[in-house]
Structure formats: C-alpha cells, structure tokens
Amino acid sequence: MATDTLADLSGGIPVEREYVLDARPEDGVRDAVNVWIEEENGLFAMRVGVEAVAEQWGRHEMWLDIAFADGRLYSRRGDGETQSAIGPGGKPTVRATGPMWFECIEPFRRWTVRFEGPVAETSAQEILENPDFKEKKWVDVSFDIDMEMAAVPWQPGTMTPEAAAAMGGKQGDFMSPRYEQLFRCTGTLTVDGKAHAFKANGLRIRRTGFRAFAGFTGHCWMSAIFPDGRGFGLNAYPPRDDGEPTYEEAWVIDSDGRRVGARPVQLPWLRKLVTGGEAVPLVFETLEGKRIAIDGVTFTNTRSRGGHVLPPDWPKDWPIVQQAHAFYTWDGVRTTGMIERSSKPSVMD
C-alpha cells in the first residue's frame, strides 16, 4: 500500500470539500460519506455509508451491507444519534451516527471507518427475492478499517466534453456534486465472534448537495484499482427516449500512471438479478484512441431492490437497483472492485 507521501492526491479539489458539514444545511441538501470495500481474494465485500440529510439532521442515516461469497448477508438500515462533526484537530472531519464512525485523518490521503453493534443476518438470495425482508436474526458485528487513497479523485463531468455538457443539465441532478477516490485498506471484521483480518480494495464517495431523481431511467457504475497501480472508473445512463445525448463517462489509469478520459464502448447493463457469477465485461476507448477490454464476473451481491412497493407518486416502471462486487481482469492481472447498476423492470429479462 505504498503511496508517495509527496504526491498531491487532491486532484486540485479544495481541501474544504473533504470536511463534512457541521451545521444543518438548507432543506434538500445531503452530506454523505460512502465506501465500497472488496476483500482482495473475494471472501467478502462491504458497502458502508452515513447520509446526513438536512430534514433529519439530528439523526443521520446509516447504511451497512456485508456480503460473503457463500451467500451470507449482514444488513442494517436506519439512523442513529448524530455525533459531533468536529475531530481531534478542531476541523469537521467526523461523519458519525450511532455505532458508525467515519473520520478523515489526512485529506485525500487517509480515512478510517469503524462500527460496533447488532446487524440483521439474511442472505443475498433472500434480499433479491424480498428486499423488504423481515429482520428475524441479529448478530454482533464490528470492524475497524484504515483506508489509504491510491489515486487522485474523479469528479464526474471532467473526463470528456460530452460528459461535461450532460452533467451541466438535468442528468447532473441524479448524482449531486461529488467525487470518487480509489483506495486500498487494511482492517479487522468480526462477525458473531469470528474475526477476519484482511486487506482490501475500495472506492470512497464524498458528496454534498441537492439530489433529485425525477426522470431517472437507470445506470451502470463500475470501478476498481489493480495491484500494479492501474485502475478504471465509469458511470453511464441508458440511451434516452428523446434521442438526445445521454451521460456516459469513463477513465483509465494505465501503466504510466496517467489518468486518461475514455468513452464506454461495451457495458454490462442490468438485465437480470442474480447473487453472483454473472459475466460483466466492459470495453473502453480512450480519448487517445486506445481500446481497452476488461473482463468481469460478480462474486457477491450486497443489495437488490426489486418487488418492493413503490410510493404512490413514483412511476410504476421505476428502475431496480442492484449493488454488487466483482473480480476484474485486465491483461491477465486480477483484482476486486465494485459494480452498481439499475434498469427499468420493463427492459429486464
């Protein structure tokens, strides 16, 4: 996990954006810290997040899913008593609620996250079939994870002119202002008394602002860091019904260490819900004209939303979201990474 201590990993983003909001913002604003984590051998994967929503500022939302490759899934949703955002150095470096605690140790370079509390036990298959499953069994879970950033952040809308134009319109509202940063991490995960010391890969998402979903029709979002330092990221929306350009953006960090913008050529749109073993290959073409093919196959599924009862004012064909993790192979080098996709039920198998 050697990162050049002299390297600037901010990518030009002001350091203030790493600090969390320490006072209630105006209605509609969310201040969130989220991470995706994949154990380096595919034993398990996690999604961990705290969403500080203006309208419920006294009790931030908590998001936790831990999925093992054997199908076990540990899931917790809800909120907790909001804790002070002020860290040891007097800056707003802590985003915490109840038993979950994120802390920025060094901006753009090192974050930690820890948790200790009961979590509902289920399975990837159960939550696929019944996302509103009843929590029947609880087990004690704890983890303490140290994350070291491995690349400069990516801000959606900065890699290609077309992506910048799309993000400047209504499609930009689906994300809210954000940046994403690949990392490597070490930690200990304890589930029902059994401890796992691990090394893993991950993606950190830092976003603050308004987020709206009216008109959202689906997406494909993937990212990973490889052992040799190469990496990739992408996010794309399906073709639009009105024929106007849709948002699609990708980038790669190749063997020379440079990040280069790219356009997706082939993407694995969500067409079925499975718990793992799904082929998810992708192909990019960089702005320099280089074509890159990366093979992928999912190894665990942390969350699927399907079959649930939608609010009365939502479209009946609202996209189903699946959050999963995958093995990716690029020119013979394998790693673990994240994949989140959504599609309207009407276009799925």
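Q: Is F108 buried or exposed in this predicted model?
A: Start with where F108 sits: the loop between β6 (100-106) and β7 (110-123). Its relative accessibility is just 4%, and anything under 20% is called buried. So F108 counts as buried.

Q: What is phi of F108 near?
A: Most residues other than glycine have a negative phi. F108 is a residue other than glycine with a positive value. Its phi is near 65 degrees.

Q: Is D331 buried or exposed?
A: D331 is also found in a loop, the one between β17 (320-330) and β18. The cut-off for exposed is over 50% relative accessible area. D331 comes in at 64%, so the call is exposed.

Q: What is the phi of D331?
A: D331 is not a glycine, yet its phi is positive. The value is about 50 degrees.

Q: Which residue in the hairpin of β9 and β10 takes a positive phi?
A: Strand β9 (residues 178-191) and β10 run antiparallel, joined by 14 bridges. In their hairpin, two residues lie between the strands. The one with a positive phi, near 50 degrees, is D192.

Q: Which residue is the bridge partner of T190 in β10?
A: T190 falls within β9, which spans residues 178-191 and is bridged to β10. On the β10 side, the partner of T190 is A195.

Q: How many bridges pair strand β1 with strand β10?
A: β1 covers residues 29-39 and β10 covers residues 194-210. One of the links between them puts D31 opposite its bridge partner T208. The pairing is antiparallel, and the count is 11 bridges.

Q: What is the volume of the largest cavity?
A: Rolling a probe the size of a water molecule over the atoms shows where empty space is left. Searching the whole structure turns up one cavity of 30 Å³ or more. The largest cavity has a volume of about 30 Å³.

Q: Which elements give two or more residues to the lining of the largest cavity?
A: Look at who lines the largest cavity: among them are N201, G202 and L203, then S223, A224 and I225, and also T336, G337 and M338. E38 and L182 are part of the lining too. The elements giving two or more residues are β10, β11 (218-225) and β18 (333-343).

Q: How many residues in the lining of the largest cavity are charged?
A: The lining includes L182, L203 and M338, as well as E38. Glu is one of the residue types counted as charged. The lining divides into five nonpolar and five polar residues, with the charged ones numbering one.

Notes
Residues are numbered from 1 along each chain as its sequence is written. This is a predicted model: local features need pLDDT of at least 70, side-chain atom pairs count only at pLDDT 80 or more; totals for chains, interfaces and linings use all residues. Side-chain values use heavy atoms; hydrogens and water are left out. Two strands pair if DSSP finds at least two bridges between them. Helices (H or I, at least four residues) and strands (E, at least two) are DSSP runs, numbered from the N terminus. On a 1 Å grid over the protein atoms alone, a cavity is a set of points where a 1.4 Å probe fits but cannot get out, and a pocket is an open set with protein on both sides within 12 Å along at least five of seven lines; lining residues have an atom within 4 Å of a point. Grid points are joined across faces, edges and corners, and a volume is the space filled by probe spheres set on the points. Buried means under 20% relative accessible area, exposed over 50%, partly exposed in between (1.4 Å probe, protein chains only).
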